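Me: Got a minute to go through this model with me? I'd like to start with one residue and work outwards.

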Amino acid sequence: MLSDRRPILLTNARILDPSRDLDFPGDLLIADGVVRDARRGIGAAGVPEGTEVIDCRGRVVAPGLIDMRAFVGEPGAEHRETLASASQAAAAGGVTTIVMRPDTTPPIDNPAMVDFVLRRARDTAIVHVHPMAALTKDLKGAEMTEIGLLKAAGAVAFTDGNRSVTNAQVMRRALSYAKDFDALIVHHTEDPDLVGEGVMNEGEFAARLGLTGVPRAAETVMLERDVRLAALAGARYHAASLTCAESLDVLRRAKDAGAPVTAACSINHITLNEVDVGSYRTFYKTAPPLRAESDRVALVTALADGLIDIVMSDHDPQDVETKRLPFAEAAPGAIGIETMLAAGLRLVHNGEITLPNLLRAMSTRPAELLELPGGTLRPGGVADVIVIDLDVPWVLDPNELKSKCKNTPFDEARLQGRVIRTIVAGRTAYEYV
Amino acid sequence: MGLPGHASALIASALMNIAQTPAFVLHRRHLLGIEGLSRDEIVGLLDRAEEFVDLNRQIDKKQSTLRGRTQINLFFEVSTRTQSSFEIAGKRLGADVMNMSVGSSSMRKGETLIDTAITLNAMHPDILVVRHHASGAVELLAHKVDCSVINAGDGSHEHPTQALLDALTIRRNKGQIERLTVTICGDIAHSRVARSNIMLLNTLGARVRVVAPSTLLPPGIERMGVEVFRDMREGLRDADIVMTLRLQRERMSGSFVPSSQEYFHYFGLDEKKLAYAKPDALVMHPGPMNRGVEIDSLVADGAQSLIREQVEMGVAVRMAALEALSQNLPNA
């Protein structure tokens, strides 16, 4: 239940605002859905009458997370996830904004669909939801969608979801056209022909399991093509989910050359590797696949350096019907919106990345890239705020997950740290008890 | 009837010998692969299979170890020799054997693998022998049933009884496996026989080589304890054993190799290429063969060929495996 909209004062917290490189002990005052003030000693100076004062001693107050890539089954696959269930899961994971994939059934490839999703989210979701629109009509990779009208209707980016546009001419024209509207193109970089029958990372483990591998070249070939086309068109291009060290070289070269290119990686690819597949565990089947440990380490380093801009959940609910199958026949995908932060905190606790850098990649950077409110604690900004306990130990019980599907790779994982409270536009949307 | 007296006595004593030998016990519920089997377990199965070879050459081959037990051969992929080999093995041990193949099962009607497992499980089989076209499928099924499961081949993953019968064949002809050089040629990428053999032969101390065009070698294979060759002459040099693998028809025409003609030219085992191996090298093939594609008829039917003996060993090895698992069944 949403609480009422009285002012909230978070006191004695570690205020962490990656958008302004601030990290200090202090208070944060929220009123009328916006951040009013963030500094030391607000509480002592007196607050508006009726303010809910919450002691956040020992806890972190940070901008709400913006998950740049999540599959929500609405419309068409409501048995997997609805906007309502996805938003409940999001709130429980500290995600205050969901950016959803357009490869629904039917796909979000016309302004009426954008409008439908926005209305439906307004009525049923407890966090902000923004759809990405399809880049090509019916996700077929042949004709571009109405990029201008879709953007005007509220689409925040353009992508064919987990499909790659294989026709380079189509991609080039879409990028050129998108530039005129300053639209962001988000692309799944997996050459489907090179993926072929592949179901897991190519290499020793696939060889041992008798599974067909997905070569790293499936990603690098597509990414290399894309960054050159993006540079040619001068359009904003974002690689949706990078997984391997070789891709980082391509990305670095493009960025160094000044191309308007950004990239994300999923929480799965920075916290898990191919060995987790073990003996055909389908919850670890993802597309693109989990790679080697050396790739994971390279991704985390790139994330810490800022070469990788964004970490997203790649939330993809799959039920037993699509997962309880032989590995090659099971659907790829893992839920993650609810565990993204907790899983990421593993890296923080292991000293692989700093907390501000992790939170920047999960909030400030996506807000900048998608031109969304949020991702900041700047006074006057929307009050999408989370309270994090960095240390609370817990064991993930899939039955307690809010998502409709339970295909989590962190099933029964020991985790340290979690979201304690999620505030969306000044209202508490989730509270951990 | 009609046997000379001394022959009957010989048989009787042979039977008594077999009856007196204690069964080898595998202290595990399933036989899902060679991976994870210890050297002792493999040798134990081979030793026991050796005794069944003798039994199988007798007139009265019937045993009662599996009397009252139900064995279901569940084949999601067509098979002649493996299925009949398991059927004969089970029957010789006294089990009631039932064959179920996909053509006549409800899998065709959309029933999932798991549902099939649960349905069969309700019929209280003691041993399921399963073949499936997907790697890992047999293990998945094994998690859902209460009986023992033997993997009769899962996708490109494992085919443990084939590797055991190959090892038995080699041991009987060479006296040992340790320090032999075994060259496996052909479609390594899609072969469960290759994977099981690589693991078993390594466990028993052989030197294993693989030879194939790069398109038929899975990347990472060199990390499985094999020497990798792309040229038959180099790969066969001084080999003691040459195993050729079947090349599936759909892989011959341009997708993995340009044509069966070109494949035979470079990788087909003919007498010329076999001459690079040791003079006493022996030739094996898991069958069924594509004559003139991966193996020349002269070699397949030649003096160095063990191909027919492999089939005989198959029954013995499967009897050993069935018996070894049955010792763990409830009320055994």
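Me: Where is B:Pro288 found?

Reply: B:Pro288 sits in a loop of chain B, between β9 (282–284) and α11 (297–300). Helices (H or I, at least four residues) and strands (E, at least two) are DSSP runs, numbered from the N terminus. This is a predicted model, where local features need pLDDT of at least 70, side-chain atom pairs count only at pLDDT 80 or more, and totals for chains, interfaces and linings use all residues. Residues are numbered from 1 along each chain as its sequence is written, chains are lettered from A and ligands numbered from 1 in the order in which they are written, and side-chain values use heavy atoms, with hydrogens and water left out.

Me: OK. Which peptide bond joins B:Gly287 and B:Pro288, cis or trans?

Reply: Cis, with omega about -10 degrees between B:Gly287 and B:Pro288. Most peptide bonds are trans.

Me: And what about the bond from A:Ala287 to A:Pro288?

Reply: The bond from A:Ala287 to A:Pro288 is cis too, and omega is near -5 degrees. A:Pro288 lies in the loop of chain A between α9 (267–271) and α10.

Me: While we're on backbone stuff, what is phi of A:Glu371 near?

Reply: Near 55 degrees, so A:Glu371 has a positive phi without being a glycine. Most residues other than glycine have a negative phi. A:Glu371 belongs to the loop between α13 (355–370) and β15 (385–395) of chain A, and A:Glu371 is partly exposed at 49% relative accessible area. The cut-offs: buried is under 20% relative accessible area, exposed is over 50%, and partly exposed is in between (1.4 Å probe, protein chains only).

Me: How about B:Asp238, what's phi there?

Reply: Phi of B:Asp238 is near 60 degrees, again positive in a residue other than glycine. B:Asp238 is in the loop between α8 (232–236) and β8 (241–244) of chain B, and with a relative accessible area of 47%, B:Asp238 is partly exposed.

Me: Switching to charges. How many salt bridges are there over all chains?

Reply: The count comes to 52 over all chains, where a salt bridge is a side-chain nitrogen of Lys or Arg within 4 Å of a carboxyl oxygen of Asp or Glu. One of them pairs A:Arg236 with A:Asp182, at 3.2 Å from N to O. That pair links distant parts of the chain, 54 residues apart: A:Arg236 is in the loop between α7 (217–233) and β12 (237–239) of chain A, and A:Asp182 in the loop between α4 (168–180) and β9 (185–187) of chain A.

Me: Is A:Arg236 buried or exposed?

Reply: Buried, as A:Arg236 has a relative accessible area of 19%. Its partner A:Asp182 comes out as partly exposed, at 36%.

Me: Which residue does A:Glu293 form a salt bridge with?

Reply: A:Arg296, with the closest N and O atoms 3.0 Å apart. A:Glu293 and A:Arg296 both lie in α10 (residues 293–305) of chain A, three residues apart, which is about one turn of the helix. A:Arg296 is buried at 10% relative accessible area, whereas A:Glu293 is partly exposed at 35%.

Me: How do α8(A) and α10(A) cross?

Reply: Their axes come within 8 Å and cross at roughly 30 degrees, with α8 spanning residues 245–256 of chain A. Axes are lines fitted to C-alpha atoms, for helices over the stretch in contact, and angles run from 0 to 180 degrees between N-to-C directions. The two helices are therefore roughly parallel to each other (under 35 degrees counts as roughly parallel, over 145 as roughly antiparallel, 65 to 115 as roughly perpendicular, the rest as oblique).

Me: Which residues meet there?

Reply: A:Ala245, A:Glu246 and A:Leu248 in α8(A) meet A:Asp295, A:Ala298, A:Leu299 and A:Ala302 in α10(A), contact being heavy atoms within 4.5 Å.

Me: Last one: where is B:Gly90, and what does B:Gly90 touch?

Reply: B:Gly90 is in helix α3 (residues 81–92) of chain B, buried at 0% relative accessibility. Leaving out residues up to four places away in sequence, B:Gly90 touches B:Gln71, B:Ala95, B:Val97 and B:Leu322. B:Gln63 is 27 residues from B:Gly90 in sequence and 9.7 Å from B:Gly90 in space, C-alpha to C-alpha.
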